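Colleague: I am new to this structure and would like a close look at a single part. Could you take me slowly through the first chain, its turns, its strands and its surface?

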Amino acid sequence: MSGNDKVLQIRALRKSYPGGVEVLHGLDIDLRAGEFLTVIGPSGAGKSTLLRCINGLVPASAGSCRLRGAEILGLRGAEMRAARRRIGMIFQAHALVDRLTVMENVLSGRLGYTGFWSSWARRFPPGDVAGAFRLLERVGLEGYEDRRADRLSGGQRQRVGIARALLQSPELLLVDEPTASLDPKTARQIMRLLRELAAENNLAVIANLHDVGLARMFSDRIIGLNAGTIVFEGAPGELTDSELSTIYGEEDWSTEEVADVSA
Amino acid sequence: MPVREENATKVWQRRTPRGRLALWAGWALALAVLVACARQISEGTLWVFVADAHRQAADLLARMVPPDPGYMGVLWRPLWDTVNIATLGTLLAVAAAVPLAFLAAKNTTPHPAVRQTALLMIVSSRSINTLIWAILFVILFGPGVVAGIAAITLRSIGFIAKLLYEAVEEIAVDPVEAIRATGGSPGQVLTYGIFPQVFPSFVGVSVFRWDINIRESTIVGLVGAGGIGLQLDASVNALRWSQVSTILVIVFLMVVFSEWISARVRKAVL
Ligand SMILES: Nc1ncnc2c1ncn2[C@@H]1O[C@H](COP(=O)(O)OP(=O)(O)OP(=O)(O)O)[C@@H](O)[C@H]1O
Ligand SMILES: [Mg+2]
């Protein structure tokens, strides 16, 4: 493996919100190209905060975060935006702009590369538009380009969100609970699509998931976060019930049906 | 604490005993104020004139009917002025109110001090009635349509900006963050993330204000600021009641028409 293979290197990342307590207590994470890393942990553990520190949606308090070797924490203005274009982010399904069409939502992935007036006039370079059509087809939304985003189902919206992030041609993909509010089947389809697209483009992915089953199924590596500290790191196979208790707290993790009480 | 223990069962009531007492005291106070006001108004009124009111009304009505259709020919020009005062005033107000609203909204303002200044401008514009603005501008610009447009504009800026900045503060944050995360510039975040979300309120508020302004621009003429109000004032002063009723009918038709348009437009953008 060459050194270039390392997409993301996070060191001693700390975050305190203004006037609040520290929510990330010095995290170290490394990520290779083509690697699918999942972060699990209880609500409030700091999973979203971690992703948002990486692309600067919230400023980190201390530490270092290198994207292909270049420091991206503490960047400002145009430099920050240049870094963000290289990092795609996929949110929950409701993060589309409702009143824009599917095409406009997907093309907004190119905003970082497009001047203000061109984007205002919706004049994107032909290559970008072709790329958008290709991605829409790839995520299974061929023919939907003129549909307004608020006329889509949750699963379709998430596909648009994925296309938007991938149109950025990112090197790193940050994914925050992509399957929240989706039914189990749609959730699997979305995860499978993400996994395939990441492999096709040799992307590094960090995905926050609440569903441990999905995390096991689709990740190369899993990190367990509890109260801002990494308490587990390993392959899906190493995630035992006792590890789950370390991450989430004591609970009966057996998946068998609850024994019939009357028996 | 509306929950009490009574014979080992929990009793829940909507209000605490003190809350109930305060509520009754509030109603009693409101009633007392009402009675006091009624007495004061009664003392300041000459009831002989009021007793006479129905005869006066009948008299006035008799003089107003029938309206004078021949007078219509003179009215088209002032009517056109009225529509122009309302429309131009609204357009100018929208142009000023949009930036003001984004400066005033908590989530888009560049700085809290800017926000306070913007809010102050909004409140000042709203606290002064159109008619008072009109009097001021008739003094500044002289009588005529320009004073009317200025008055309508100044009053509408605050109205539109207030409703618009409230809409801006209520937008969903996730889509906005998603646009930021693509590396879009602040201007692109505004046009892609925020504008689409507030667009329906923007159109709705503007058209609603235009509709109000059609009505307001019929009276700014009373103080000399142009439009059909000038004609109305002249006819009332000359006691030409059939002309007055003609004007009232025309104003009524115009207002119905503007309400119809504004309802149509608002429905179209939803
Ligand atoms: N904007 C903010 N200001 C202050 N505190 C915040 C803010 N956002 C999050 N927090 C706090 O930071 C902690 C971590 O929040 P975060 O959203 O990162 O958790 P999470 O692991 O993503 O939770 P969930 O699984 O519910 O999404 C929480 O205690 C939360 O209250
Ligand atoms: Mg979260």
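Modeller: A residue is called buried when its relative accessible area is under 20% and exposed when that area is over 50%, and partly exposed is the term for whatever falls in between. With that in mind, please remember throughout that this is a predicted model.

A good place to begin is A:Asn202, which, at 45% relative accessibility, falls between those two limits and therefore counts as partly exposed. This asparagine sits in the loop that joins helix H7 (184-200) to strand E8 (204-208) of chain A, and its phi is near 50°, a positive value in a residue other than glycine. That value deserves attention because most residues other than glycine have a negative phi.

A:Arg122 can be read in the same manner, for its phi, near 60°, is likewise positive in a residue other than glycine. The arginine belongs to the loop between helix H4 (116-120) and helix H5 (126-138) of chain A, and since its relative accessible area is 32%, A:Arg122 is described as partly exposed.

A positive phi also turns up within a hairpin of chain A, the one built from strands E9 and E10, where 2 residues lie between the strands and A:Ala227 has a phi near 50°. Strand E9 covers residues 221-226 and strand E10 covers residues 229-234, and the two pair in the antiparallel sense over 5 bridges. Within this pairing, A:Gly224 faces A:Phe232 of strand E10 in chain A.

From the hairpin we can turn to a sheet in chain A, an open one of 4 strands that runs in the order E2-E1-E4-E5 with antiparallel pairing. Its edges are formed by strand E2 (22-32) and strand E5 (70-71) of chain A, each of which pairs on one side only. In general, the strands of a sheet are held in pairs through backbone hydrogen bonds, in either a parallel or an antiparallel arrangement. Looking at one end of the order, strand E4 (residues 62-67) of chain A pairs with strand E5 of chain A in the antiparallel sense over 2 bridges, and there A:Leu67 is set opposite A:Ala70 of strand E5.

Helix H1 of chain A, which spans residues 47-54, is mostly covered, with 7 of its 8 residues buried. The buried residues of helix H1 in chain A include A:Leu50, A:Leu51 and A:Ile54, and also A:Lys47 and A:Arg52, with A:Thr49 and A:Cys53 among them as well. Just after this helix of chain A comes A:Gly56, whose phi is positive, at about 75°.

Finally, the surface of chain A carries a negative patch, to which A:Asp241, A:Glu250, A:Glu251, A:Asp252 and A:Glu256 contribute. One of these residues, A:Glu256, is placed in the segment that follows helix H9 (241-248) of chain A. Because the relative accessibility of A:Glu256 is 64%, this glutamate is counted as exposed, whereas A:Asn202, at 45%, counts as partly exposed.

Key
Residues are numbered from 1 along each chain as its sequence is written. Chains are lettered from A and ligands numbered from 1 in the order in which they are written. This is a predicted model: local features need pLDDT of at least 70, side-chain atom pairs count only at pLDDT 80 or more; totals for chains, interfaces and linings use all residues. Side-chain values use heavy atoms; hydrogens and water are left out. Patches are made of residues with over 30% relative accessible area and no salt bridge: like charges are joined within 9 Å, nonpolar side chains (Val, Leu, Ile, Met, Phe, Trp, Tyr) within 5 Å. Accessible areas come from the Shrake-Rupley method with a 1.4 Å probe; for residues, only the protein chains shown count as cover. A salt bridge is a side-chain nitrogen of Lys or Arg within 4 Å of a carboxyl oxygen of Asp or Glu. Lys and Arg count as positive and Asp and Glu as negative; His and the chain ends are not counted. The place of a charge is taken as NZ of Lys, CZ of Arg, CG of Asp or CD of Glu. Buried means under 20% relative accessible area, exposed over 50%, partly exposed in between (1.4 Å probe, protein chains only). Two strands pair if DSSP finds at least two bridges between them.
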